Amino acid sequence: MLEIKQIQELYQVRAVELTDHYLNMLVKRSISFDDVRSAILSGIIIEQYPDDYPYPSCLILGYAQNEPLHIVAGLGNDKLWIITTYKPDVDKWEDDFKTRKAAQ
C-alpha cells in the first residue's frame, strides 16, 4: 500500500520522475506545476492500484487554488513517478471527488 506521507516526502526532496504523458497533459489541461505541488502536499490517496506496471500506483485527490485535482502517481526505485493529472469530471465523480459515480 502506498502512503501519502512517503509520496509527499519524495516530492519535497525532488526524487521525482515525470512521464512524457504527464508533461503533455499538463499543457493540454492547463495545469501548472504549482497546482500539482499544492495538490500533492495537501492530498490524500483515494484509490490504490497495487498491480500497476511497472510500479504500484495510486490516485491522489488534492486541491490547488480551491479546485480539486486528481494525480496518478507510482512509487518505484525510491522515486515518485507522476503519471498524469486532471481536474475530476463532475459527471464521473461524486461531489466529494473521492467516489466514482455508478455507471449509468
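## Exercises on strand pairing, burial and overall form

Strand E3 is joined to strand E4 (residues 67-76) by eight bridges, and the two run antiparallel. The exercises below concern a predicted model.

**Exercise 1.** Determine which strands pair with E3 and in which direction they run.

*Solution.* Begin with E4: eight bridges link this strand to E3 in an antiparallel arrangement. One residue pair illustrates the register, since glycine 62 has leucine 69 of E4 as its bridge partner. Next, consider strand E2 (residues 44-49), which is connected to E3 by five bridges, again antiparallel. Here tyrosine 49 is partnered with serine 57 in E3. Strand E3 is thus bridged both to E2 and to E4.

**Exercise 2.** Describe the connection between E3 and E4, and state which residue in the turn has a positive phi.

*Solution.* The two strands form a hairpin, with two residues between them. Within that turn, glutamine 65 adopts a positive phi of about 55°.

**Exercise 3.** Decide whether strand E3 is largely enclosed or largely open, and justify the choice.

*Solution.* A residue counts as buried when its relative accessible area is under 20%. Strand E3 spans residues 57-64, and seven of its eight residues are buried. The strand is therefore largely enclosed by the rest of the structure. For the protein as a whole, 38% of the 104 residues count as buried.

**Exercise 4.** Classify leucine 18 as buried, partly exposed or exposed, and identify the surface feature to which Leu18 contributes.

*Solution.* First, locate the residue: leucine 18 lies in strand E1 (residues 16-18). Second, apply the cut-offs: partly exposed residues lie between the buried limit of 20% and the exposed limit of 50%. Because its relative accessibility is 36%, leucine 18 is partly exposed. Third, consider the surroundings: Leu18 joins Leu23 and Phe33 in a nonpolar surface patch, whose accessible area together is about 250 Å².

**Exercise 5.** Give the order of the elements and assess how compact the protein is.

*Solution.* The protein contains three helices and five strands. Read from the N terminus, these elements follow the order α-β-α-α-β-β-β-β. The radius of gyration is 13 Å, close to the 13 Å given by the globule rule for 104 residues, so the protein is as compact as a globular protein of that length. Along the principal axes, the C-alpha atoms fill a box of roughly 40 × 30 × 25 Å. Among contacts with a separation of 6 or more, 50% involve residues 24 or more positions apart. Finally, the accessible surface is about 6700 Å², and carbon and sulfur atoms account for 48% of that surface.

Definitions and conventions:
Residues numbered from 1 in each chain as written. Predicted model: local features only at pLDDT ≥ 70, side-chain atom pairs only at ≥ 80, totals over all residues. Heavy atoms only, no water. Patch = residues over 30% accessible without salt bridge, like charges linked within 9 Å, V, L, I, M, F, W, Y side chains within 5 Å. Areas by Shrake-Rupley, 256 points an atom, 1.4 Å probe, with all protein chains shown as cover. Salt bridge = Lys/Arg side-chain N within 4 Å of Asp/Glu carboxyl O. Helix = DSSP H or I, 4+ residues; strand = E, 2+ residues; numbered from the N terminus. Buried < 20%, exposed > 50% of the residue type's maximum accessible area, 1.4 Å probe, protein only. Pairing = 2+ DSSP bridges. Rg over C-alpha atoms; globule rule 2.2 N^0.38 Å. Contact = heavy atoms within 4.5 Å.
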